[in-house]
Amino acid sequence: MNHLPDSPAPAWWRNSAIYQVYVRSFADGNGDGVGDLAGVRSRLPYLRDLGADALWFNPWYLSPMADGGYDVADYRDIDPLFGTLAEAEELITEAHTQGLKVIVDLVPNHCSDQHVWFQEALTAGPGSAARERFWFVPGRGEHGELPPNDWQSYFGGNAWTRITEADGTAGPWYLHMFAPEQPDLNWEHPEVRSEFESVLQFWLDRGVDGFRIDVAHGLAKKPGLPDVGPDPDVTDLPYQDVDGVHDIYRSWRKISDSYPGERAFVGEVWLPTPGQFARYLRPDELHSAFNFEFLCCAWEHDAVRDVVDGTLAAHAEVGAPPTWVLSNHDTIRHVTRYGREDTSFDMGDKRLGAPTDRALGLRRARAAALLTMALPGGVYIYQGDELALAEVEDIPDHLRQDPTFARSQGTDRGRDGCRVPLPWSGAAAPFGFSPTGAADPWLPQPADWADRSVAAQDADPASTLNLYREALRLRRAWVGALPEALTWVPSQPGVLAFTRDGSFTCVVNFTQEPVLLPAGADVVLSSADCTDGLLPADAGAWLLATAQA
């Protein structure tokens, strides 16, 4: 397309398309039924050709896997389930050779109960310095039999577990905002701070381009660990968004800025107000953060426009680039959500499943892909989004591995349904995920995934995989380099249309009827057939036109 202008690219982290690799479910290289670094390395050409700019790897560190690797036993080594440290170093080098940046997951709020520090704390005894790195607190009640406060774990149940001392007596309680196997670290302790600064340097020295920071809002706790109370103010909880967390990121930013090239921090920041969220993106803190408000938003015209406007305004205040996210390893896949009557996502109450119209969800998911890739800022693609994979909701209970399922006594179905291993080829499981003769995949794949595989979609010009490839190609060559400002274009009711530079226009039809496209519009890319001059229901299109939609 010789009419697409050339523009210099901004800093890579401002507008990259970042592909999330959940290693355990991406590709199995050694045949044990679990994804690994060898599998990822064999598929790097696929990720390059898809059009990704960077890869974000979920935790690959040494771990007992009580929470899929988010319980880290050693931040400087690779779990044998995935490979070796040498393989990780080779992967980073090979990714760079393919033109792909590498972002690794960092889990600083908590570690594994098998981490050497926590094991030392258990054996060191009452009053020991080793226990000061965590939150060991005496219980309430006459004999300390009650938890120190009323905090509840994000995974369900109490956030405190009482230990038994070596002599058999009941000891203090320790804090774990997630599973008991994930004790929270005490970020008021100088050794905790210096240790993670060293971990940052360890991976920066190995060439990583950035870090995704798990629970970025939760590291600091309010002094005294006060009760939440029966009617808490969600904007002022004692275990999240405590002011001290910002000093941590300012110190980290100095470290990242001392390295050559552009190294970036991406925060997992779940907070109730845009103002709280934006503070993490000030120029001397994190570079960007996930836009969970957009991910959780219902697929409705007014709701989407309001979130886009709010996102752009909040980020403009601190000069940070917005991000756009549709799914990740913690959420129900959006093909499923968008086919439901309630298309929004809520971490707390969307786990039991609901009827879904998969064809409707697919149409909306394809339109949403074009919307997110057209918006200014960065875009995240969770592995399998490009294949239009749906949530797997019928995993047998005895095969589920997410700790939220067990801790909620099955009322929370957990996050396994979005973590099922990818289908690469073939007519039956393991669909090319593992080599011939391998062990069964660690989670079962649906029998009807043959037409969702990479090989099947590669051969279909109209597939979602090829839609993503073309959208990412155009985004890299053209759309991503457009001015970051967005202007809404007047449009029909139920239709969103915006332009980035006065000529490029993105149009999304949220209505149930086709709508007329602008006269003479040059349709560059669309999620559904627009050859008759109409944009179908639940479809999106990229246009080269200045006319109104």
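**Cavities and salt bridges in a predicted model**

Modeller: This is a predicted model. The largest cavity holds about 40 Å³ of space.

Colleague: How many cavities of 30 Å³ or more are there?

Modeller: A cavity is a space where a 1.4 Å probe fits but cannot get out. With a floor of 30 Å³, the count comes to three.

Colleague: Which elements give two or more residues to the lining of the largest cavity?

Modeller: The lining includes Ala369, Thr372 and Met373, along with Val379, Tyr380 and Ile381. Trp324, Leu326, Asp385 and Tyr468 line it too. The elements that give two or more residues are helix H12 (358-374) and strand S13 (378-382).

Colleague: How do the lining residues divide into nonpolar, polar and charged?

Modeller: Asp counts as charged, and Thr falls among the polar residues. Asp385 and Thr372 are both in the lining. The division is eight nonpolar, one polar and one charged.

Colleague: Now the salt bridges. How many residues apart are arginine 206 and glutamate 89?

Modeller: Their side chains meet in a salt bridge at 2.9 Å, N to O. Arginine 206 sits in the loop between helix H6 (190-205) and strand S9 (210-213), and glutamate 89 in helix H4 (residues 85-97). The pair links distant parts of the chain, 117 residues apart.

Colleague: Are arginine 206 and glutamate 89 buried, exposed or partly exposed?

Modeller: Buried needs under 20% relative accessible area, and exposed needs over 50%. Arginine 206 has 27%. Glutamate 89 has 29%. Each value lies between the cut-offs, so both residues are partly exposed.

Colleague: Are lysine 221 and aspartate 184 buried or exposed?

Modeller: The two side chains meet in a salt bridge, 3.1 Å from N to O. Lysine 221 lies in the loop between S9 and helix H7 (244-257), and aspartate 184 in the loop between strand S8 (170-175) and H6, so the bridge ties together parts 37 residues apart in sequence. Both residues are buried.

Colleague: Is aspartate 243 buried or exposed?

Modeller: Aspartate 243 forms a salt bridge with arginine 279, their closest N and O atoms being 3.1 Å apart. Arginine 279 lies in helix H8 (residues 274-279) and aspartate 243 in the loop between S9 and H7, so this pair ties together parts 36 residues apart in sequence. Arginine 279 is partly exposed at 29%. Aspartate 243 has a relative accessible area of 52%, so aspartate 243 is exposed.

Colleague: Which residues do salt bridges that share partners join into one network?

Modeller: The model has 35 salt bridges by this rule. Those that share partners join Asp67, Asp330, Asp402, Arg415 and Arg419.

Key:
Residues numbered from 1 in each chain as written. Predicted model: local features only at pLDDT ≥ 70, side-chain atom pairs only at ≥ 80, totals over all residues. Heavy atoms only, no water. 1 Å grid on protein atoms, 1.4 Å probe; cavity = no way out; pocket = protein on both sides within 12 Å on 5 of 7 lines; lining within 4 Å. Points joined across faces, edges and corners; volume = space filled by probe spheres on them. Helix = DSSP H or I, 4+ residues; strand = E, 2+ residues; numbered from the N terminus. Salt bridge = Lys/Arg side-chain N within 4 Å of Asp/Glu carboxyl O. Buried < 20%, exposed > 50% of the residue type's maximum accessible area, 1.4 Å probe, protein only.
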